[in-house]
Amino acid sequence: LNLPISYVPAEIIILVSIACGLAACRDEPPVHPATAEVTDSSAIVTVPLDSTTHEYTWRTWIYGDTPTSSFRDVCAIDENNAFAVGMMFLRDSTGIRLDENVLRWDGDRWHVFHVKRQRLLYRQIYAGHWRLDSVIEIRYANVYSVWGQPSDNWVFSAYGIPVYFDGSTFVTEQYFHEHPGIRPRGIWGNEENRWFYGGRSMTHARGRTYTHYLAPLSDTSVVSSMCANEHEAWAVSYPFRVGAEAAILRYDYASRTWERIHDHLALHLISTAAVWCDKLGTRPGGTIVMVGNNIIQYDSTGWNNMNRPLHNFMPVRPRWFNDVHGTAQNNIWAVGDYGCVAHFNGNSWTYYPELYQPFGGPMFKAVWALERHVFIVGQIGYKAIIVIGTRVD
C-alpha cells in the first residue's frame, strides 16, 4: 500500500512531512477481512426494517441532438431538487446548436443549467515564487459527477476538477489547482466526509483538509466507484484491458490503511462497476451491494451472489449493471444496460419489464434513490434520457 500524503490548504499549501506519514504507519490492529465476522461492542444496534413495495410509476424525458448526448450522473437532495449531469447537444429556436452539460429538476420540469469552472492564472514574480494574476471562467461541455447536500450546496466534477455551487456562484476547488495531476471524475459524500476518485487516485476530504492515496491497482484498471460511511470506505475497479483483473478495496478509518480483498465473491464478476454501502457496512446488521454483470449483496447472512434470481427475470445476456444506490436496507436500486432496473425492498429483488428492452433499449449509467422516488439517467441511441420513478403507496 502507498503511504498517504496529506495536505492542509491555506494561502500557501504546505506539504505535511514524510515523517508524519511514517508515524501514522505504526503497528495497528489488523483490518478485518470482508469475509470474516465483524464484532464491535460500540456498533449501532439496529431494528430490522419492514420490506417496502416494488410498485412504482415512471416518467421519462429524452433530450439531445447529434453527435451524441448522454447523462453520466444524477443526484437529488429531495424530490424537488435534483441535477442530471453529462453532455447534451441542444438546438435553440433558431436552430443553433448549444453545448450544455446539466439539467436541474424543480419538482415540475427540467431546466438547462451550465456548470462553469474557474481557471486560476499565476504569474512568476521571481525564481520559485508565483502570484495569482487573474481568474477566468471556462465553459466546458462535460460534467462527470455531481453530489448535493441541503439546503442548496452542490459539488460537480467538471472536466476532472471539482467545482462548488452554493446556489448562486461557482468556486473551483483550490486543492486540485495546486495538484493538477489529480483529476477526479467521481464524488462520494458530503463536506464532512467526502471522497474524490478517478484513475488510480483517491482523495479523502474532511472540510478543507485532504489526504491523497494512490490505489493499489495495476496499470490496467481504474477506480470506477466508491462509497463510505464513518467506519470504512469501499472502492471497486474497472479493468480497461481484456484479461485485466478487477479489484475490491476496503479502507479502515481506525488503521488508516487500504486493504485489497483477494478471493472475494465479487471478483467472480466480469468486473465491478459500482458499489454502495449503508451506515454500518460490514458491521453487524450492515449492507453492501456491488454490481457489474451481476449483483453481489452483503447482509446479515454474509455475502450472496444474486445470479439466480436475476437470471430468472433477465434471461437475455448480457446482463450488465453500471450503478447502484439506496437509502436503506429495504430500498436499493441497481441500473444498467438495455433498460435494466432492479429493486431490492428488504425481502426480494425484482425488475421492471416496462423499462427493460433487450434490443435497442436505454443504457442507464447512474441512479439516485430517495425514500419515495428514484432518479435514473443515461443514454438511448444518440440522445440523453432521464427516468423518474415514484413509489405507489
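**Notebook: aromatic pairs, cores and salt bridges**

I began with two aromatic residues and noted that W110 is buried, as is F375 (buried is under 20% relative accessible area, exposed is over 50% and partly exposed lies in between, with a 1.4 Å probe and protein chains only). The model is predicted, and I kept in mind that local features need pLDDT of at least 70 and side-chain atom pairs pLDDT 80 or more, while totals for chains, interfaces and linings use all residues. Residues are numbered from 1 along each chain as its sequence is written, and side-chain values use heavy atoms, without hydrogens or water.

**Aromatic pairs**

I searched the whole structure and found 32 aromatic pairs (Phe, Tyr or six-membered Trp rings with centres within 6.5 Å; planes under 30 degrees apart are stacked, over 60 edge-to-face and the rest tilted). For W110 and F375 I noted ring centres 6.5 Å apart and planes at 85°, so I entered the pair as edge-to-face. I then placed W110 in strand β7 (residues 110-113) and F375 in strand β31 (residues 373-380), so this pair ties together parts that are 265 residues apart in sequence (helices, H or I of at least four residues, and strands, E of at least two, are DSSP runs numbered from the N terminus). For Y175 and F176 I wrote down centres 5.0 Å apart and planes at 90°, so that pair is edge-to-face. I checked their accessibility and found Y175 buried, with a relative accessible area of 1%, and F176 buried at 1% relative accessibility. I also entered one aromatic cluster, formed by F83, F113, W154, F156, F165 and F170.

**Overall make-up and cores**

I counted 3 helices and 32 strands in the protein, and I noted that buried residues make up 53% of its 393 residues. What sits at the centre of the largest nonpolar core, in the sense of touching the most other members? I found that, of its 89 residues, F156, W195, M202, W234 and W258 touch the most other members (a nonpolar core is a set of buried Ala, Val, Leu, Ile, Met, Phe, Trp, Tyr and Cys residues joined through side-chain atoms within 4.5 Å). Strand β5 (residues 81-91) gives this core its largest share, 6 residues. I found a second core, separate from the first, with 14 residues that include W333, V335, Y352 and I376. As background I wrote that, in soluble globular proteins, nonpolar side chains tend to be buried together.

**Salt bridges**

I listed 8 salt bridges in the structure (a side-chain nitrogen of Lys or Arg within 4 Å of a carboxyl oxygen of Asp or Glu). One of them joins R104 to D152, with the closest N and O atoms 2.6 Å apart. I located R104 in strand β6 (residues 97-105) and D152 in the loop between β10 and β11, so the pair ties together parts that are 48 residues apart in sequence. Are these two residues buried or exposed? I found R104 buried, and D152 buried as well.

I next looked up E232 and R250, whose side chains meet in a salt bridge at 2.7 Å, N to O. E232 belongs to strand β19 (residues 232-239) and R250 to strand β20, so this pair ties together parts that are 18 residues apart in sequence. I entered E232 as buried because its relative accessibility is 1%, and R250 as buried because its value is 5%.

For R391 and D393 I noted a salt bridge with the closest N and O atoms 2.8 Å apart; R391 is buried, with a relative accessible area of 14%, whereas D393 is exposed, with a relative accessible area of 68%. I also recorded a network of salt bridges that links E173, E191 and R208.

**Backbone geometry**

I looked for unusual backbone settings, bearing in mind that most residues other than glycine have a negative phi and that most peptide bonds are trans. The peptide bond from P150 to S151 is cis, with omega near 0°, and I placed S151 in the loop between β10 (143-149) and β11 (153-158). R256, although not a glycine, has a positive phi of about 55°; I found R256 in the loop between β20 (248-252) and β21 (257-261), and it is partly exposed, at 43% relative accessibility. Y338, also not a glycine, has a positive phi of about 60°, and I found Y338 in the loop between β27 (331-336) and β28 (341-344).
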